[in-house]
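This briefing is intended to be read beside the sequence and the coordinates. Please keep both in view while working through the points below.

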Amino acid sequence: MKQNTLTLFTASPEEADWPVPFAGIDEAGRGCLAGPVVAGACILDPSHPIKGLTDSKKLTEKRRQALYPQIRENALAWGIGVAWPKEIDRINILQATFHAMFRAVRCLKVPPVLLAIDGNATIPKEIAGTIGQQCIVKGDLKIQAISAASILAKTFRDDLMVKLDKQYGGYGFAGHKGYGTKEHIAAIAAKGPCKMHRLTFAKVKPEPPKQEQNSLW
């Protein structure tokens with residue numbers, strides 16, 4: 001099966017008129033029941049192209065692990081931002097994702113003039129300030145910097161969930177990475193949630209007890 005990857009540093013139509021340097025932004029773990037949401041930010045170097053960049057979900061784990069150090073070594077700048085379950089439960093997953101994204105931006109050693117964000121929403125100004133932003137649906141398939149950010153976020157988060165599995169055993173974090181698999185949901189039901197679970201998420205928070213039907217007879 002032929003891998004759908006982006007041509008070596010060929011600018012897409014979307015980014016043709018963007019100012020530089022711009023940073024690609026993407027997240028991993030937004031839909032999970034456990035673990036943090038992680039964002040990656042990346043400014044690529046046109047003089048050091050990286051072969052094989054695409055949406056991290058379309059790559060095998062082995063390929064992501066191979067690209068991860070290449071991105072960090074060849075990018076002009078890269079950053080990782082994290083929002084943990086307590087923050088997710090406190091401000092909701094969307095707002096926590098925005099905060100994780102801008103934390104990743106703040107880690108960049110080269111300040112970007114534009115943020116290219118995967119999806120259909122930009123980071124609120126009260127978080128990101130006045131920096132320029134552009135959201136791109138399926139940007140991780142169209143914009144190489146977003147592809148790179150996607151790989152950074154997912155690889156970092158997957159490795160983190162393997163480590164958390166050793167600390168919070170019995171839930172299978174190393175396998176499902178916090179997603180709502182049948183095995184994970186069954187483990188939550190059997191053991192109850194741990195500190196890494198998002199208590200405001202359905203299938204994690206306890207279901208209210210069913211009220212018995214009263215009878216007049």
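The confidence score pLDDT expresses how sure the predictor is of each residue, on a scale from 0 to 100. The structure shown is a predicted model, with a mean pLDDT of 92 over the chain. The points below cover confidence, overall organisation, helix α6, and selected residues.

**Confidence**
- A pLDDT of 70 or more is reached by 90% of the residues in the chain.
- Residues 1-9 have pLDDT under 50 throughout, and the model gives this stretch 24 contacts beyond four places in sequence.
- Where pLDDT is low, predicted coordinates should not be read in detail.

**Overall organisation**
- The chain contains eight helices and five strands.
- Starting at the N terminus, the order of these elements is β-β-α-β-α-α-β-α-β-α-α-α-α.
- Of the 217 residues in the chain, 48% are buried.
- Among contacts with a separation of 6 or more, 67% join residues 24 or more positions apart.
- The exposed area of the chain is about 12,000 Å², and 55% of it comes from carbon and sulfur atoms.

**Helix α6**
- Helix α6 covers residues 144-167, and its 24 residues should span 34 Å at 1.5 Å a residue; the end C-alpha atoms lie 35 Å apart, which agrees.
- Burial is found for 17 of the 24 residues of α6, so the helix is mostly covered.

**His-197 and its surroundings**
- His-197 belongs to the segment that follows α8 (182-191).
- The relative accessibility of His-197 is 1%, and therefore the residue counts as buried, the cut-off being under 20%.
- A polar side-chain atom of His-197 lies 2.9 Å from the backbone nitrogen of Cys-194.
- Beyond four places in sequence, the residues that His-197 touches include Leu-33, Ala-34, Pro-85, Asp-89, Tyr-171 and Phe-173. Also among them are His-184, Ile-188 and Val-204.

**Leu-199**
- Leu-199 is likewise placed in the segment after α8.
- Leu-199 counts as partly exposed because its relative accessibility is 45%.
- Outside its neighbours within four places in sequence, Leu-199 contacts Asp-89, Pro-193, Val-204 and Lys-205.
- Leu-199 and Arg-90 are separated by 109 residues in sequence, while their C-alpha atoms are 9.8 Å apart.

**Cysteines**
- The structure has zero disulfides.
- Cys-32 has 0% relative accessibility and so counts as buried.
- Cys-194 also counts as buried, because its relative accessibility is 13%.

Conventions
Residues numbered from 1 in each chain as written. Predicted model: local features only at pLDDT ≥ 70, side-chain atom pairs only at ≥ 80, totals over all residues. Heavy atoms only, no water. Helix = DSSP H or I, 4+ residues; strand = E, 2+ residues; numbered from the N terminus. Expected span 1.5 Å × (residues − 1). Buried < 20%, exposed > 50% of the residue type's maximum accessible area, 1.4 Å probe, protein only. Polar contact = N/O pair within 3.5 Å; in protein donor to acceptor, adjacent residues only side chain to side chain. Contact = heavy atoms within 4.5 Å. Disulfide = S-S within 2.5 Å. Areas by Shrake-Rupley, 256 points an atom, 1.4 Å probe, with all protein chains shown as cover.
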